[in-house]
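Here are my notes on the model, point by point. Please read them with the structure open.

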Amino acid sequence: MGFPAWTANVSAQGTVKETTGSVNVPVSLGGQLIRPGDAIVADDDGVCVVPRLDVAKAVTASEARIAKEDANRKQLADGHLGLDMHGLRPKLAGVDYISYAEYTRRAGEGS
């Protein structure tokens with residue numbers, strides 16, 4: 001299927017075919033309640049449950065985050081500094097900025 005799956009445990013217990021199962025009922029996995037229609041989102045960092053009523057809001061927020069990150073990557077590629085993009089320069093007022101060449105020259109003077 002090409003669908004990635006994650007697990008913290010492996011169960012060797014087989015399925016039971018003599019009894020019926022349940023469909024569209026809430027289940028609890030790892031202490032997290034999951035209701036029918038909830039969206040399960042997973043990547044290498046973890047798994048998240050998005051309640052059904054919040055899926056559209058989560059999609060909108062995700063699209064906004066992707067657009068922001070694309071814009072940031074473009075600014076960085078155009079030579080802008082993250083220091084200025086994120087308004088960090090005022091917070092670092094008084095910090096002595098030196099190049100690596102200057103640092104090694106100063107270090108050589110002290111030996």
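1. Salt bridges first. The count comes to eight, where a salt bridge is a side-chain nitrogen of Lys or Arg within 4 Å of a carboxyl oxygen of Asp or Glu. This is a predicted model: local features need pLDDT of at least 70, side-chain atom pairs count only at pLDDT 80 or more, and totals for chains, interfaces and linings use all residues. Residues are numbered from 1 along each chain as its sequence is written, and side-chain values use heavy atoms, with hydrogens and water left out.

2. Take Arg73 and Asp70. Their closest N and O atoms are 2.5 Å apart, and the pair forms a salt bridge. Both residues lie in helix α1 (residues 55-77), three residues apart, about one turn of the helix. Helices (H or I, at least four residues) and strands (E, at least two) are DSSP runs, numbered from the N terminus. Arg73 is partly exposed at 49% relative accessible area. Asp70 is partly exposed too, at 39%. On this scale buried means under 20% relative accessible area, exposed means over 50%, and partly exposed is in between (1.4 Å probe, protein chains only).

3. Next, Arg89 and Asp84. They form a salt bridge, with the closest N and O atoms 2.6 Å apart. Arg89 has 38% relative accessibility and counts as partly exposed. Asp84 is partly exposed at 41%.

4. Helix α3 holds another pair. Arg105 and Glu102 meet through their side chains in a salt bridge (2.7 Å, N to O). They are separated by about one helical turn because they sit three residues apart in α3. Arg105 is partly exposed at 43% relative accessibility, and Glu102 is partly exposed at 22%. The pair belongs to a wider set: salt bridges that share partners join Asp96, Glu102, Arg105, Arg106 and Glu109 into one network.

5. Asp38 deserves a look. Which side chain of opposite charge is nearest to Asp38? The nearest is Arg35, 5.2 Å away; Asp38 is buried and has no salt bridge. Here Lys and Arg count as positive and Asp and Glu as negative; His and the chain ends are not counted. Asp38 sits in the loop between β2 (32-34) and β3 (39-43).

6. What does the Asp38 side chain reach at 2.8 Å? The partner is the backbone nitrogen of Arg35. A polar atom of the Asp38 side chain also lies 3.0 Å from the backbone nitrogen of Arg52. A polar contact is a pair of N or O atoms within 3.5 Å; within protein, one must be able to donate a hydrogen and the other to accept it, and residues adjacent in sequence count only if both atoms are side-chain atoms. Leaving aside neighbours within four places in sequence, Asp38 is in contact (heavy atoms within 4.5 Å) with Leu33, Val49, Val50, Pro51 and Arg52.

7. Check the backbone at Asn24. Its phi is positive, about 60°, although Asn24 is not a glycine. Most residues other than glycine have a negative phi. Asn24 lies in the segment before β1 (27-29). At 63% relative accessibility, Asn24 counts as exposed.
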